[in-house]
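Colleague: I would like to learn how to read strand pairing, ligand shells and empty space in a model. Can we go through them one by one?

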Amino acid sequence: MDILKISHVTKTFGTKKVLNDLSFSVPEHSVFGFIGQNGAGKTTTMKIVLGLLERNQGEVFVNGEKVIFGQNTTNKYIGYLPDVPEFYDFMTPMEYLTMCGQITGMCKNEITERATELLKLVGLNVENKRIKGFSRGMKQRLGIAQALLNSPKLLICDEPTSALDPMGRKEILDILSSVKEHTTVVFSTHILSDVERICDRIAFLHEGEIVLGGTLEDIKNIRNGESIELEFLTVKDAERFLELSAGGEKIGRTKLLFSKRTERDMLEMMECLSQNQIPVVRLERLEPTLEDLFLEVIGK
Ligand SMILES: Nc1ncnc2c1ncn2[C@@H]1O[C@H](COP(=O)(O)OP(=O)(O)O)[C@@H](O)[C@H]1O
Ligand SMILES: [Mg+2]
């Protein structure tokens, strides 16, 4: 079942159309990467899903229930970490989660149990200092714990890793992938390597539309032809092969790159190498990175 379904949503700010007939769905128990450059409309989309922003057209369903602007009934299924989470700096993490639990009407024992479990999950269980002294990464981790407090079916995180260093990013990504058995995770980002690390599915938002979407595997397969990189022992060998095999490009002293090649092309290259007795150090089929694919679909 789709925990989130966005159907033909359009959003304009004044005369500016930010989302243009946007549609995509998120199946349960996936980690879903919502990718787009700054200003693409990721936060806008998330706010529409949360019923915090009014859409001009289209419908949104969370767990099969329609989202109505200004009402928060569907938010009982959602845990949300905004792009810049705000905390009361004078509190400890436990005090903060307790307050959040009280606001949402959880009972005392449930709060203590759940908060203890979550602080352990995000690695803040030994942290007794006040939030004031927290690093950005620690604040993001506390934000995730808070968003998971009422065991949501859908966790939405708005750019949870964008402001963090590589270590902090890894910690967040590890937490997000560890919760996917219990909750579906949707997170927005412009960092493509984060997506490649933990997502099952993605949607690329560009100029108000999804220009690329689906499982990571399918997306990598849609490209017609792969790149093949060859490395030779000597410059002379590389140059000889380049003369024999058209369309190659020199990318180093002894390295050549052939793009958009089929398996058949690859076999022909191997035959050519063998017939002409050119030894190679390496012949490798390169998997396209998401970045390659993204630049390709937006035509850059
Ligand atoms: N309240 C608003 N009023 C006018 N324009 C807005 C408002 N919120 C966002 N925008 C514009 O909508 C576009 C998308 O913004 P946003 O959803 O924040 O992008 P992202 O989160 O992908 O960086 C941007 O051009 C932004 O300037
Ligand atoms: Mg944003």
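Colleague: Which residue of β13 stands opposite Glu-229?

Modeller: This is a predicted model, so read each value as computed from it. To read a pairing, find which residues face each other across two strands. Glu-229 has Leu-257 of β13 opposite it. That pair belongs to β11, residues 226-232, and β13, residues 255-261. The two strands run antiparallel, and five bridges join them.

Colleague: What stands opposite Glu-249 in β13?

Modeller: Leu-257 stands opposite Glu-249. Glu-249 lies in β12, which covers residues 249-250. β12 pairs with β13 over two bridges, again in the antiparallel sense. So one strand can have two partners, and you read each pairing separately: β11 with β13, β12 with β13.

Colleague: How many residues are in the hairpin connection from β12 to β13?

Modeller: Four residues make that link.

Colleague: Now the ligand. Which residues surround ligand 1?

Modeller: Start with the shell, then look for polar contacts. The shell holds Phe-13, Lys-16, Val-18 and the run Gln-37, Asn-38, Gly-39, Ala-40, Gly-41, Lys-42, Thr-43 and Thr-44. By class, six are polar, three nonpolar and two charged.

Colleague: Which polar atoms of Ala-40, Lys-42 and Thr-43 lie by its oxygens, backbone or side-chain?

Modeller: Take them in turn. Ala-40 offers a polar backbone atom, 3.2 Å from an oxygen atom of ligand 1. Lys-42 also uses a backbone N or O atom, at 2.8 Å from a ligand oxygen. Thr-43 uses a polar side-chain atom, with 2.8 Å to an oxygen of ligand 1.

Colleague: How much of the accessible area of ligand 1 does the protein cover?

Modeller: On its own, ligand 1 has 560 Å² of accessible area, and the protein covers 59% of that. Two elements give two or more residues to the shell: β2 (16-27) and α1 (42-49). α1 gives the most, with three residues.

Colleague: Next, empty space. How many cavities of 30 Å³ or more does the structure hold?

Modeller: For a cavity, ask three things: volume, lining and chemistry. There is one of 30 Å³ or more. The largest cavity has about 50 Å³ of space. Its lining is Leu-4, Ile-6, Phe-24, Phe-34, Thr-45, Met-46, Val-49, Ile-156 and Val-186. Eight of the lining residues are nonpolar, one is polar and none is charged. β1 (2-13) and α1 each supply at least two of them. The largest share, three residues, comes from α1. Note that α1 also serves the ligand shell.

Colleague: And the pockets? What is the volume of the largest one?

Modeller: Ask the same things of an open space. The largest pocket holds about 460 Å³. It is lined by 21 residues, and Tyr-80, Cys-100, Thr-104, Gln-146 and Ala-147 are the closest to its centre. β6 (78-81), α2 (93-103) and α4 (136-148) are the elements that give two or more residues to this lining. In the lining, 14 residues are nonpolar, six polar and one charged.

Colleague: Which classes make up the lining of the second largest pocket?

Modeller: Six residues are charged, five nonpolar and one polar. Its volume is about 270 Å³. The charged ones sit among a lining that includes Asp-83, Glu-86, Asp-89, Arg-136, Lys-139 and Glu-159. Val-84, Pro-85, Phe-87, Gln-140, Ala-163 and Leu-164 line the second largest pocket too.

Note on methods: Residues numbered from 1 in each chain as written. Chains lettered and ligands numbered in written order. Predicted model: local features only at pLDDT ≥ 70, side-chain atom pairs only at ≥ 80, totals over all residues. Heavy atoms only, no water. 1 Å grid on protein atoms, 1.4 Å probe; cavity = no way out; pocket = protein on both sides within 12 Å on 5 of 7 lines; lining within 4 Å. Points joined across faces, edges and corners; volume = space filled by probe spheres on them. Nonpolar A, V, L, I, M, F, W, Y, C, P; charged D, E, K, R; others polar. Near = heavy atom within 4 Å. Polar contact = N/O pair within 3.5 Å; in protein donor to acceptor, adjacent residues only side chain to side chain. Areas by Shrake-Rupley, 256 points an atom, 1.4 Å probe, with all protein chains shown as cover. Pairing = 2+ DSSP bridges.
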